[in-house]
Amino acid sequence: MIEMTQCELLIVGAGPAGLAAATTAAQLGIKTLLLDEQQAPGGQIYRAITETPVKDRAILGEDYWHGASLVEPFKQSGAHYQPGATVWAVANHTAPDAIEGFEVGYSVAGQAHMLHATHILLATGAQERPFPIPGWTLPGVMTAGAAQILLKSSGLVAGKRTVLAGSGPLLYLVAWQYLNAGIVVDAILETTPPGRLAKALPHVWGFLRSPYLAKGLKLLREVKSRVRIIKGVTSLEALGQDKLEQVRYTVGGKTETIAVDQLLLHQGVIPNINLAQAAGVEQRWNKLLLCWEPAVDEWGNTNVEHIGIAGDGGGIAGALAAENSGRIAAYEAAMQLGKIDRAQRNTQSTHARTQLQRAIRGREFFDTLYQAPDPFRMPTGDTIVCRCEEITASQVRETVKLGCPGPNQMKSFLRCGMGPCQGRFCSVTVTELIAQERGVSPEEVGHYRLRFPTKPLTLGELAALPQTDDSRKAVIRMKKPV
């Protein structure tokens with residue numbers, strides 16, 4: 001692709017929301033650019049959809065291959081696409097007489113670039129919820145999503161003796177895909193607490209009318225017929241010297257160990273909000289999913305004018321919901337950019353709105369049933385919470401007792417959230433630990449304040465940045481006598 005310096009609509013993320021939004025926007029005549037960190041479109045859910053070495057469609061399942069139906073229309077739409085691009089800054093133009101819009105910093109292959117965008121749509125997707133247990137930093141322990149990425153992108157698994165632990169549909173989906181690939185799954189350690197089904201039953205009507213019922217029952221039946229399921233797990237620990245060797249777990253007060261090569265952890269997903277946070281988008285605490293999520297309206301608009309959010313980055317709802325929310329957000333962007341009027345926006349988005357409503361049926365049932373249990377969200381003792389800075393749960397708790405009220409003040413004490421990940425992996429855990437110690441709600445504690453760059457950036461990249469109108473005008477103003 002020839003480098004673009006200006007576009008009307010910038011979309012960040014080439015998952016289902018980003019692909020659908022870019023296709024729709026380009027077809028509406030919007031000069032659209034899609035930037036994505038991966039080398040091929042698909043996002044996490046459709047990872048490597050155009051280049052996966054897994055050619056047997058039965059291994060990953062038809063839901064995965066649906067992603068291919070989004071790629072070809074995107075390629076034909078006329079939208080511009082830059083893979084391997086890491087967006088690390090989004091800022092309003094500040095120089096006098098600057099045109100409306102944003103200046104966006106991003107890097108490709110170690111080379112930094114600046115881009116002007118009139119409207120931005122963030123489609124950054126979801127990430128797996130942290131699962132801080134003793135030993136979770138040992139080689140051989142990874143998230144179920146990471147193992148799935150390895151399977152999709154390389155057709156590989158990390159070890160022979162495999163145990164999955166946690167809760168949620170993805171746990172069983174990965175087990176099912178492993179079994180389809182001929183890989184033995186030694187056990188699933190299920191952490192869903194007893195009584196959760198009773199709590200979820202008030203939402204069962206939506207689930208019974210959802211597209212997930214038949215698929216879910218079939219998947220569960222196949223996995224349970226071939227894998228040992230151990231329910232009611234109340235504690236987990238990964239054991240080993242230089243790598244994972246065993247998993248210790250407790251059920252009904254009895255502790256057992258299993259010899260393993262890889263332990264795959266999962267307890268749901270949460271929105272990937274770092275870029276949105278740094279751009280000034282308001283965040284709210286989701287009391288059911290127990291995580292921060294951007295405050296968006298039904299069209300994907302945020303409190304920052306001309307920055308929208310689509311897909312799981314704005315609230316967890318799944319791949320089909322993300323796809324249709326991307327289309328809806330694209331119609332909204334087209335209206336704000338003057339390509340269509342409000343009536344056209346409403347009419348043209350009707351089908352996507354209907355499909356979105358169908359896709360989110362049953363979500364409350366799932367979210368209630370598989371809400372991550374307290375012991376696995378809020379650890380104690382020497383369990384590492386902040387992996388970048390190797391900060392433990394006891395250090396966080398002791399710092400609260402010293403009078404530290406929130407995660408931003410915690411940075412001064414412990415450097416939590418100041419490592420390369422900028423708090424992506426510890427934010428919700430630190431917030432909840434502080435809230436638990438103080439006896440207040442997570443909303444009162446708050447979240448990390450993030451600043452750009454949101455991703456690691458070298459001095460060489462910064463020094464090689466091209467000059468912009470804003471930077472030139474800023475220098476001129478500095479040279480003028482006071």
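1. **Terms and model.** A helix here is a DSSP run of H or I that covers at least four residues, and helices are numbered from the N terminus. L275 sits in one of these, helix α10, which takes in residues 274-278. The model is a predicted one.

2. **Overall build.** The protein has 21 helices and 21 strands. Its radius of gyration is 23 Å, close to the 23 Å that the globule rule gives for 482 residues, so the protein is as compact as a globular protein of that length. The C-alpha trace spans about 75 × 50 × 40 Å along the principal axes.

3. **Burial and contacts.** Buried residues make up 55% of the 482 in the protein. Take the contacts between residues at least 6 apart in sequence: 67% of them join residues at least 24 apart.

4. **Surface and charge.** About 21400 Å² of the protein is exposed. Carbon and sulfur atoms supply 53% of that area. The count of charged side chains is 48 positive and 44 negative. The centres of the two sets lie 3 Å apart.

5. **The parallel sheet.** Strands of a sheet pair through backbone hydrogen bonds, either parallel or antiparallel. One open sheet here holds 5 strands, in the order β8-β15-β9-β10-β11, and its pairing is parallel. Which strands stand at the edges? They are β8 (141-143) and β11 (229-230). Each has a single partner strand, so one side of each is left without a neighbour in the sheet.

6. **How β8 is held in the sheet.** The partner of β8 is β15, residues 262-267. The two run parallel and are joined by 3 bridges. To find the pairing in the model, start from M142: its bridge partner in β15 is L264.

7. **The β17-β18 hairpin.** Strand β17 covers residues 283-286 and runs antiparallel to β18, with 4 bridges between them. W285 has W292 as its bridge partner in β18. The two strands form a hairpin with 4 residues between them. In the turn, L290 has a positive phi of about 55°.

8. **Both faces of β18.** In a regular strand the side chains alternate between the two faces of the sheet. In β18, C291 and E293 point one way, and W292 and P294 point the other way. Are these four buried or exposed? All are buried, E293 included.

9. **L275 in α10.** L275 has a relative accessible area of 9% and is therefore buried. Leaving out residues up to four places away in sequence, L275 touches V12, V87, V90, L122, F452 and T454. A further link across the chain is with W88: it lies 187 residues from L275 along the sequence, yet the C-alpha atoms of the two are separated by 7.7 Å.

10. **The cis bond before P453.** Most residues other than glycine have a negative phi, and most peptide bonds are trans. F452 and P453 are joined by a cis peptide bond, with omega about 0°. P453 is in the loop between α19 (442-445) and α20 (459-463). F452 is one of the residues that L275 touches.

11. **Q422.** Q422 lies in the loop between α17 (407-414) and α18 (427-438). Its phi is near 55°, a positive value in a residue other than glycine. The relative accessibility of Q422 is 19%, and the cut-off for buried is under 20%, so Q422 counts as buried. Residues up to four places away in sequence aside, Q422 touches N274, G417, L450, R451, P453 and T454. That list includes P453, the proline of the cis bond. T454 is touched by Q422 and also by L275.

12. **H306.** What is the phi of H306? The value is near 70°, again positive in a residue other than glycine. H306 lies in the loop between β18 (291-294) and β19 (307-309). At 18% relative accessibility, H306 counts as buried.

13. **G206 in α8.** Helix α8 takes in residues 204-208, G206 among them. G206 has a relative accessibility of 18%, so it counts as buried. Beyond residues up to four places away in sequence, G206 touches R361 and G362. E222 is 16 residues from G206 in sequence, and the C-alpha atoms of the two are 24 Å apart.

Notes:
Residues are numbered from 1 along each chain as its sequence is written. This is a predicted model: local features need pLDDT of at least 70, side-chain atom pairs count only at pLDDT 80 or more; totals for chains, interfaces and linings use all residues. Side-chain values use heavy atoms; hydrogens and water are left out. The radius of gyration is taken over C-alpha atoms; the globule rule is 2.2 Å times the number of residues to the power 0.38. Buried means under 20% relative accessible area, exposed over 50%, partly exposed in between (1.4 Å probe, protein chains only). Contact means heavy atoms within 4.5 Å. Accessible areas come from the Shrake-Rupley method with a 1.4 Å probe; for residues, only the protein chains shown count as cover. Lys and Arg count as positive and Asp and Glu as negative; His and the chain ends are not counted. The place of a charge is taken as NZ of Lys, CZ of Arg, CG of Asp or CD of Glu. Two strands pair if DSSP finds at least two bridges between them.
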